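Please examine the structure shown below together with its sequence. The paragraphs that follow lead through it step by step.

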Amino acid sequence: MVFRTAKALEAELARKREQVEKSVAGGMMNRSAYDRWMGDIEAQGAQGLASLREQEAIITASGHPDAYRQTDEAFTQAKAAFQAVMNLRCQTIEEVRAKAACIVRVYQHLGMEIDGDDLVACMSSLCEEA
């Protein structure tokens, strides 16, 4: 999982700790497994929190926390929109071509190359259109 803020990671760590505690209480985990799980959660959590807090401090020091938040929100929306396109089931070859064009544009914006004709051929075979 990707965490954008220390607060989000702290909430996930608390959720993980609670899960481990419930497993122990329910007899699904012995003490040595509990110690390993909790040790991993604490070690990895501390490292992740330190990194996120450092990033947050840099953003705050830059004087642009609102711009960062807006960029993060825009990225989240763009990612959701792209996922919606990826999940779209095509009914016609025109829809396949439009979907392929969208995917190619996204890859190009990310600096990655993809062969559009190969992508259309692949997607066409998936929806059983020729």
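Cysteine 90 has a relative accessibility of 12%, and because buried means under 20%, this residue counts as buried. Cysteine 102 takes part in no disulfide, and the nearest cysteine sulfur, which belongs to cysteine 90, lies 11 Å away. A disulfide is a covalent bond between the sulfur atoms of two cysteines. Since a disulfide requires sulfur atoms within 2.5 Å, a separation of 11 Å does not qualify. Cysteine 102 is itself buried, with a relative accessible area of 17%. In total, the structure holds 0 disulfides. The model under discussion is a predicted one.

The overall architecture may be considered next. The chain contains 5 helices and 0 strands, so that its elements, read from the N terminus, run α-α-α-α-α. How does the radius of gyration of the chain relate to that of a compact globule of 130 residues? Such a globule would have a radius of gyration near 14 Å, whereas the chain has 22 Å. Along the principal axes, the C-alpha atoms fill a box of roughly 60 × 45 × 20 Å. One pair of residues gives a sense of distance within this box: the C-alpha atoms of lysine 7 and leucine 110 are separated by 29 Å, and these residues are 103 positions apart along the chain. Lysine 7 belongs to helix α1 and is exposed, with a relative accessible area of 67%.

The surface and the contacts of the chain can also be described in numbers. Of the 130 residues, 22% count as buried. The accessible surface comes to about 9,700 Å², and carbon and sulfur atoms hold 56% of this area. Among the contacts in the chain with a separation of 6 or more, 51% are between residues 24 or more positions apart.

Buried nonpolar residues lead to the next topic. Which residues make up the largest nonpolar core? This core has 11 residues, namely Ala6, Leu9, Leu13, Val20, Met29, Ala33, Tyr34, Met38, Ile41, Leu49 and Leu52. Helices α1 and α2 each supply at least two residues of this core, and the largest share, 6 residues, comes from α2. Tyrosine 34 is one of the core residues. When its neighbours within four places in sequence are left aside, tyrosine 34 is in contact with Val20, Glu21, Val24 and Met29. Apart from the largest core lies another core, of 9 residues, which includes Val96, Ala100, Ile103 and Val120.

Charged residues complete the picture. Side chains of opposite charge can pair when their charged atoms come close. The count in this structure comes to 7 salt bridges, and three of these pairs are described here.

In one salt bridge, arginine 4 pairs with aspartate 72, and their closest N and O atoms are 2.7 Å apart. This pair links distant parts of the chain: arginine 4 lies in the segment before α1 (6–25), while aspartate 72 lies in helix α3 (residues 65–87), 68 residues apart. The two partners also fall into separate exposure classes. Arginine 4 is partly exposed, with a relative accessible area of 34%, whereas aspartate 72 counts as buried at 18% relative accessibility. The reason for this assignment is the cut-off: aspartate 72 is buried because 18% is under 20%.

Another salt bridge joins glutamate 10 to arginine 53, with the closest N and O atoms 2.3 Å apart. Glutamate 10 is in helix α1 and arginine 53 is in helix α2 (residues 31–62), so this pair ties together parts that are 43 residues apart in sequence. Glutamate 10 is partly exposed, with a relative accessible area of 34%, and arginine 53 also counts as partly exposed, at 41% relative accessibility.

A further salt bridge is formed by aspartate 35 and arginine 31, whose closest N and O atoms are 3.8 Å apart. Where do these two residues lie? Both are located in helix α2, 4 residues apart, which is about one turn of the helix. Aspartate 35 is partly exposed, with a relative accessible area of 42%. Arginine 31 has a relative accessible area of 55%, and because exposed means over 50%, arginine 31 is classed as exposed.

Technical notes: Residues numbered from 1 in each chain as written. Predicted model: local features only at pLDDT ≥ 70, side-chain atom pairs only at ≥ 80, totals over all residues. Heavy atoms only, no water. Buried < 20%, exposed > 50% of the residue type's maximum accessible area, 1.4 Å probe, protein only. Salt bridge = Lys/Arg side-chain N within 4 Å of Asp/Glu carboxyl O. Core = buried A, V, L, I, M, F, W, Y, C linked by side-chain atoms within 4.5 Å. Contact = heavy atoms within 4.5 Å. Rg over C-alpha atoms; globule rule 2.2 N^0.38 Å. Areas by Shrake-Rupley, 256 points an atom, 1.4 Å probe, with all protein chains shown as cover.
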